[in-house]
Amino acid sequence: MVLSDRTIKEEIKAGHIIIEPLNEADIQPASIDLHLDDKFRVFRNIHQPFIDVKLPQDDLTELVTINHNDPLMLHPREFVLGSTKEKLTLPDDIVARVEGKSSLGRLGLLIHSTAGYVDPGWSGHLTLELSNVSNLPITLYYGMPIGQISFLRLSTPAEKPYNTKGLGSKYQGQREPTASRYYLHFRDDKP
């Protein structure tokens, strides 16, 4: 069941859902608006024939911080990682879904390719997979409303929420856009 604005406010007041910072005006009928932070992971133009998912790709992206008054220009067919200004913490019985703003989607801006799901027990800033599918550049500004998050209650609390020790939660506690850690699936010492 998707939580209504009333239930979202109750969960926040009880400390079950934590969003920092939170402006009450960002609470919508069944979601909360999220805002874009000032840090991005931009893909470098490196000379390698392919991305091997079994290997760390430390040189694939570089961290860029934009001035709060200047935009990041996202060119057609370009893909960057961004993050939410808000830090989100979920309890063990609530999951969340992140979706783009309809008005930005109508301009050709997508905010996630596959990572729209947030596990119970998650805590951190959300990494956004930003892509421009239009034929013109799109400006991205610090603090702009970038998406919305809705919440769903689980039938029972998760036995092993995302923050469970030994689970191998690769992105717990992230503060800025975090590059892929998919290669950890191929380690011999994985949990």
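In this predicted model, the side chains of D38 and K39 meet in a salt bridge, with N and O 3.5 Å apart. D38 is buried, at a relative accessible area of 10%, whereas K39 is partly exposed, at 21%. The structure holds 6 salt bridges, and the table sets out some of them, including the pair just described.

| Salt bridge | N to O distance |
|---|---|
| D38 and K39 | 3.5 Å |
| D93 and R153 | 3.7 Å |
| R97 and E99 | 3.7 Å |

The salt bridge between D93 and R153 ties together parts that are 60 residues apart in sequence, because D93 lies in the loop between β6 and β7 (94-100) while R153 belongs to strand β12 (residues 145-153). R153 counts as partly exposed, with a relative accessibility of 34%.

In the pair formed by R97 and E99, R97 is partly exposed at 31% relative accessibility, and E99 is likewise partly exposed at 35%. Salt bridges that share partners also join E11, D93 and R153 into one network.

A charged residue without such a partner is E86, which is placed in strand β6 (residues 79-89). E86 is buried yet has no salt bridge, and the nearest side chain of opposite charge, that of K85, is 6.4 Å away; a salt bridge would need a nitrogen and a carboxyl oxygen within 4 Å. The side chain of E86 does, however, make a polar contact of 2.6 Å with the side chain of H35. Leaving aside residues up to four places away in sequence, E86 touches several residues, among them D33, L34 and H35, as well as G124, H125 and L126.

How values were computed. Residues numbered from 1 in each chain as written. Predicted model: local features only at pLDDT ≥ 70, side-chain atom pairs only at ≥ 80, totals over all residues. Heavy atoms only, no water. Helix = DSSP H or I, 4+ residues; strand = E, 2+ residues; numbered from the N terminus. Buried < 20%, exposed > 50% of the residue type's maximum accessible area, 1.4 Å probe, protein only. Lys, Arg positive; Asp, Glu negative; His and termini not counted. Polar contact = N/O pair within 3.5 Å; in protein donor to acceptor, adjacent residues only side chain to side chain. Contact = heavy atoms within 4.5 Å.
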